[in-house]
Amino acid sequence: MNKFPLPGLIAGLAVWLLVLSLPGCQTAERISPDPVSQSDSVVLYTTGQSLDTPARRYVAVYWENQRLHRLEMGTARETGCYGLQKQGNDLYIAGYFVDPDDDRTKPCYWQNGRKIDLPLPGDLAFDKAGARDLVFFQGALYLLGDIDFQPVLWKIQPGSAPKRIVLKGSPQAVAGGELSTGNLAVYNNQLFVGGVQVLETDGQPVVHPGYWTVDPNDIVRFEETDNQPVKSLSFFILPSEQGVFIAGERNDLRDRSAPTPTIWKNKTRFSLHQPVDPASQRLHEMALDSRGNLHLNILDYRRQLPVVWQVSPTGAVTETLLPVPTGSTRAFCQNLALHDDTPFYSGSYELNGDFHACFWIGNQRTEMETLNGGFLTLARTIAVPVKN
């Protein structure tokens with residue numbers, strides 16, 4: 001029996017993890033778009049969720065460059081989607097749906113827009129589950145998700161029944177005290193998932209960051225990256241030749257102070273030569289270019305401007321504010337992708353009561369189609385090279 005309220009702790013961490021679009025100050029277009037034509041070397045695919053105002057429900061959508069596509073709903077009451085991958089001519093997208101029969105959130109994915117439900121044992125008791133990312137690895141489709149916050153992988157292989165892999169912490173960790181990043185990565189013939197585990201120190205819970213690796217035989221290992229925080233979260237993992245980067249947050253003291261945005265590189269805290277406001281800024285996604293520069297998008301809830309960073313290998317930060325129309329509010333760069341060292345960004349803003357989606361290449365902003373101006377949020381962007 002746990003000596004501390006683990007469900008409350010995990011629920012609190014999950015609330016801490018949520019990204020909220022808060023109302024706030026007005027933003028202005030700080031950078032004038034340059035007359036740069038859109039690159040025709042890639043196709044940008046972006047996933048998201050949009051409010052279908054006439055139907056009064058949220059629906060999963062994706063964009064192919066500017067063009068909006070709705071994903072199949074079937075009988076679902078609501079749908080949402082996140083990570084995606086283009087495999088040959090097929091587009092795969094991970095997400096969830098709300099089952100009208102029992103009002104529970106359940107995992108699914110889409111193949112070329114067709115909804116496919118992920119299997120769950122009939123006797124499994126849970127409140128909500130979903131899939132957040134997917135990759136192809138060793139000829140199988142792996143999907144990362146969670147069941148009541150417990151991280152899991154689904155492995156789908158042709159000719160075999162789907163396999164469910166529960167991601168647990170180290171042997172000394174408190175069972176059921178794990179949370180994962182929203183993304184799943186492949187590197188050096190392994191799968192990587194960032195996350196945290198709960199441990200008990202002097203009768204008190206502590207939450208330390210780390211990551212799971214999964215080898216071709218589905219052997220799962222968890223490696224802790226920092227044993228100092230009292231509480232931490234991991235948002236995004238990026239394995240690379242330089243090491244394993246994790247973007248997240250931490251508290252080193254058991255107090256009510258705001259968590260400190262942090263990047264871990266292997267088992268050290270990566271030094272950023274620019275302060276991050278713990279109360280209003282969140283590190284989000286990362287990409288690494290050939291020169292060793294990290295590219296990040298920053299969710300800035302105080303300024304509410306689309307903020308992106310380029311971080312040199314020494315930690316020097318170059319901040320850029322992406323252009324949005326004058327008078328915009330709730331403007332955020334929500335996603336990034338990198339191809340041939342060119343960053344591509346996607347995000348949203350509100351203007352005169354309508355919500356807009358867009359992507360940026362350099363300082364050039366391109367508007368994307370929307371359903372009807374209702375609330376929307378973007379989840380992930382990938383840049384797929386155009387075949388010659």
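Q: Which residue stands opposite valine 61 in E3?
A: That's arginine 70. Keep in mind that we're looking at a predicted model.

Q: OK, and how do E2 and E3 pair?
A: They run antiparallel, with 4 bridges between E2 and strand E3, which covers residues 67–70. The two make a hairpin with 2 residues between them.

Q: What's up with asparagine 65 in that turn?
A: Asparagine 65 has a positive phi of about 55°.

Q: What about E1 and E2, how many bridges there?
A: Strand E1 (residues 42–52) and strand E2 (residues 57–64) share 8 bridges, again in the antiparallel sense. One facing pair there is leucine 51 and tyrosine 58, the latter in E2.

Q: Which residue takes a positive phi in the hairpin of E1 and E2?
A: Arginine 56, with phi near 55°. That hairpin has 4 residues between its strands.

Q: What holds paired strands together, in general?
A: Strands of a sheet pair through backbone hydrogen bonds, and they can do that parallel or antiparallel.

Q: Let's zoom out. How many helices and strands does the protein chain have?
A: There's 1 helix, alongside 29 strands.

Q: And how much of the chain is buried?
A: Buried residues account for 55% of the 388 residues. The chain exposes about 17200 Å², and 48% of that comes from carbon and sulfur atoms.

Q: Switching again: in what order do the strands of the open sheet with E8 come?
A: The order is E8-E9-E10-E11, so to speak a row of 4 strands, with antiparallel pairing.

Q: Why do E8 and E11 each have a side without a neighbour?
A: Strand E8 (129–137) and strand E11 (163–166) stand at the edges and have a single partner strand each, so one side of each has no neighbour in the sheet. From one strand to the next, the twist averages 25°.

Q: How does E8 pair with E9?
A: E8 and strand E9 (residues 140–147) are antiparallel over 8 bridges. In that pairing, alanine 129 sits opposite isoleucine 147 of E9.

Q: New topic: where is aspartate 300?
A: Aspartate 300 is in strand E22, which spans residues 294–300.

Q: Is aspartate 300 buried or exposed?
A: Buried, because its relative accessibility is 2% and the cut-off for buried is under 20%.

Q: So what is aspartate 300 in contact with?
A: Leaving aside neighbours within four places in sequence, aspartate 300 touches Ser280, Gln281, Leu305, Val307 and Phe332. Also, a polar atom of the aspartate 300 side chain lies 3.2 Å from the backbone nitrogen of arginine 302.

Methods: Residues numbered from 1 in each chain as written. Predicted model: local features only at pLDDT ≥ 70, side-chain atom pairs only at ≥ 80, totals over all residues. Heavy atoms only, no water. Buried < 20%, exposed > 50% of the residue type's maximum accessible area, 1.4 Å probe, protein only. Areas by Shrake-Rupley, 256 points an atom, 1.4 Å probe, with all protein chains shown as cover. Pairing = 2+ DSSP bridges. Axes fitted to C-alpha atoms, helices over the stretch in contact; angles between N-to-C directions. Polar contact = N/O pair within 3.5 Å; in protein donor to acceptor, adjacent residues only side chain to side chain. Contact = heavy atoms within 4.5 Å.
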